[in-house]
Amino acid sequence: MLFTSYGFVAFASALLAAYYLVPRRWQWPLLLAASYGFYALADWRYLFFLLVTTVSAYLMAVRLEDIAGEQKRYLQTHPALTREEKRACKAGFKARKWRWLLACLLLNMGILAVTKYTNFVIHNVNALLHGAAHLQTVDILVPMGISFYTFQTMGYVIDVYRGKQAAERNLFRLALFVSFFPQMVQGPISRYGDLSRTLYCGHPFDGKAVTFGLTRVLWGYFKKVVIADRIITGVTSLIQHTDAYTGAYVFVAMLFYAFELYCDFTGGIDITIGLAEAMGIRVAENFHLPYFSKNIKEYWNRWHITMGTWFTDYIFYPVSVCRPMLKLSKWSREHLGQAMGKRVPVYLSCFVVWLTTGVWHGAAWNFIMWGLMNFAVIMASQELEPLYSRFHARFPVRGKAPYEAFQIIRTFLLMSCVRMFDCYRDVPLTFRMVGTMFTRFRFSVFTDGSLLKIGLSGADYAVLLAGFAVVLGVSLFQARYGSVRQALYARPRAVSYGAMALLLVAILIFGAYGVGYDSTQFIYNQF
Amino acid sequence: MKRSALISGAAVALATIACLYLLQRLLVPKYQTGIVEGSMVEEYYRETTDHEVLCIGDCEVYENFSTVTLWEEYGITSYIRGSAQQLAWQSYYLLEDALRYETPKVVVYNVLALKYNEPQSEAYNRMSLDGMRWSSSKVKGILASMTEEEHFIEYVFPLLRYHSRWDGLASDDVEHLFTKDLVTHSGYYMRVDTKAQTGFPPPAPLADYALGENAMSYLQKMTDLCREKGIDLVLIKAPTEYPHWYGQWDEQIASFAEENSLPYINYIPLREEIGLDMRVDTYDGGLHLNTRGAEKMARYFGAYLKENYDLTDYRNEEGYASVWAEKTAFYNQMKQRQYDELEQYGRLVSFGSNAIQ
């Protein structure tokens, strides 16, 4: 059930009404039933995967906590142990915990790997064998949102392993955390500690929360249905006809895709967070005006935030402090000097993070290359830092508005360019097409009506321009003054309700939905 | 929630609903010029008198029988509840709907659409169903007709279907925001121009000549419904040859008619007897009759109806006569306008596809 389907709107509306009609203690069980229903409607077989992840995470987390409890009790009942004995005891318990954690990770990451990456591996093995043998691809069911819920659940288990999070002893509560339907298919990747604060407690009807939540839902639909689903026609046309659309067209495709992805992904997340907010549940923010970032590092702190922090906490740090990395760090400091020696393990950890980020995004080389390109850009900007410092020492432009605008545009273009791997989905083709931007660029494309032949009419452009203007206006307001909804709410009610009504009318009239339009899946649903 | 917030919320909600209602009225196609077929179904509800003969079916009824000629020649009050590519189940539900308002003596059903066993086209569905008043018949008609891309809610709120027309609005949309002109003559679609029949592609052999079970089940339902209401059902095949009407289909309909004791008349072989000359009696190369042909057809068919059914000649009844006098005047006026245009431009400019804004 797509968020943009009539079915979902009816489902969410009915659920929201029922949520405030049932006794508060039944609110979270209702959400659990709704989440499982939502998932089963997509394909009832998905439930099997969901149950395996839920039950395994539940059992392992409880086991990990039990072992931690055993350790604590053992140490309390054996106060006479020497420091070495205590250390040995702790190591023993830690090893036991590690084995359980590893089992859980292998099982769940194994399911993720098998369902998502088997055919990718087969294709590559076949390519390597050069026809000497041919392995048949397999028809595997890929559960909707498996990357999201697997990562979210494994994050919970790792937190329990680290002692940062108490194990959830109620299987059904954990089941809701794993399956909470608004965020299940495209995130955000929540932490148990954050989400559980508001997920299970009863929520009385709160007009403000409902108004705020629904306004955000409408804002999400506006971005998705009015902008993303309209511009996609042009993007699809431009990236499918690679012979005809080179040079300036690639530049246009790059910009269009940047806006499409932004409106699609943030729109979906707004619907998720808004719907949860209307039910009194706080879901982690996933974006913070990413296209206003002044450098790549900042961009990744503002774009898909929960994924970034997940990879930082559960991949980057463990890899950075693992035994082989510490050894490498020592070796590199001895052999490459302090400055470079310090950077090698950081860069290597960073490489691993971006490689896995690329792999997480999809079973294809273009995603892997996308991840590595991000790594390359971040590393390059890191290594060029001394050069920048010299430049800024000579030209004190830092902090000045024109330079900040330059930084924002530079970062936007750079990230949009890297994203072309995601757009064309073919590594050599992407390099070739991006190359034509520099060799076959024709300015006349922008003036001779060529852009009216890519599936977008003048009316479409008018809607898109107006839509961008609204999104930009809201973003600038947010950057300068904070929450738009709060500002609206501070004014007479008719203003905030009027804004909601206006959004609704704009969506209904200018939305690219219904007969004649393909119902477009959210881009991040596929991960 | 504060009282003021409730009042504000209610006021904004009402204003929004009013705005959406107006937008819906604006954006829904008006079918007043060009493709007028979408107006046909709703025009039925503007009738002020009942009818003794009700024709249902696709373009082979609404373009081939002049209802005014039936009146003028025989005093028969008739209405054609036709629409473009009206599928068998749509015919059934339109009949069921019509029977809420009147009980004619004779129902005439043109059998061509029985060749379709499944929903065909969203656009034609809309033209056949949008104009129906809401009733269980309409709901069932929609459910039976929807293609995969359609959603029931888009029939309930047509704005969801037609919202994208905002960039193609024409003067008709504003002019006919609340009122619409009649485009038919008791369901008859008038065209006086002429384009001679020159020939059709040879009929393609079919893998299976059996008429679909679904379509035939609705023919059975029509038969049962008419029987239940004491109405005589007449099955016909209009005299036009294309789309091809296969002999195997004809046999199946004849057999069905025999089993159900219904008359079935295939007019294709009777064209000479009717007096149809397809060089001058068609406006689109033989697909449909023009007014000249439709009047000939009405004269012939009217004689059959008069001879075989106990139909009243209402020409001397004031209530009917005055209504039909208006209809006749409108008919003659439109006919004259069309002839004038033909004379002036050599073709129709305010009617048919030439009139699409």
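Here's a quick look at the cysteines, one helix and one pocket in this predicted model.

Some housekeeping: residues count from 1 along each chain as its sequence is written, and chains are lettered from A in the order in which they are written. Local features need pLDDT of at least 70, side-chain atom pairs count only at pLDDT 80 or more, totals for linings use all residues, and side-chain values use heavy atoms, without hydrogens or water.

Okay, cysteines. How many disulfides are there over all chains? Zero, taking a disulfide as a pair of cysteine sulfur atoms within 2.5 Å. For A:C263, the nearest cysteine sulfur belongs to A:C423, 15 Å away. A:C263 is buried, at 1% relative accessibility; buried means under 20% relative accessible area with a 1.4 Å probe, protein chains only. Over in chain B, B:C226 is in no disulfide either, with the sulfur of B:C55 nearest at 12 Å.

Next, helix α17 of chain A, residues 401-418. Helices here are DSSP runs (H or I, at least four residues), numbered from the N terminus. Its 18 residues should span 26 Å, and the end C-alpha atoms are indeed 26 Å apart; the expected span is 1.5 Å times one less than the number of residues. Its buried residues include A:Y403, A:F412 and A:M415. The buried residues of α17(A) pack against several helices of chain A, among them α10 (248-278) and α15 (365-383), with contact meaning heavy atoms within 4.5 Å.

So which helix gives the most to the lining of the second largest pocket? That's α20(A), with eight residues.

Definitions and conventions:
Buried < 20%, exposed > 50% of the residue type's maximum accessible area, 1.4 Å probe, protein only. Helix = DSSP H or I, 4+ residues; strand = E, 2+ residues; numbered from the N terminus.
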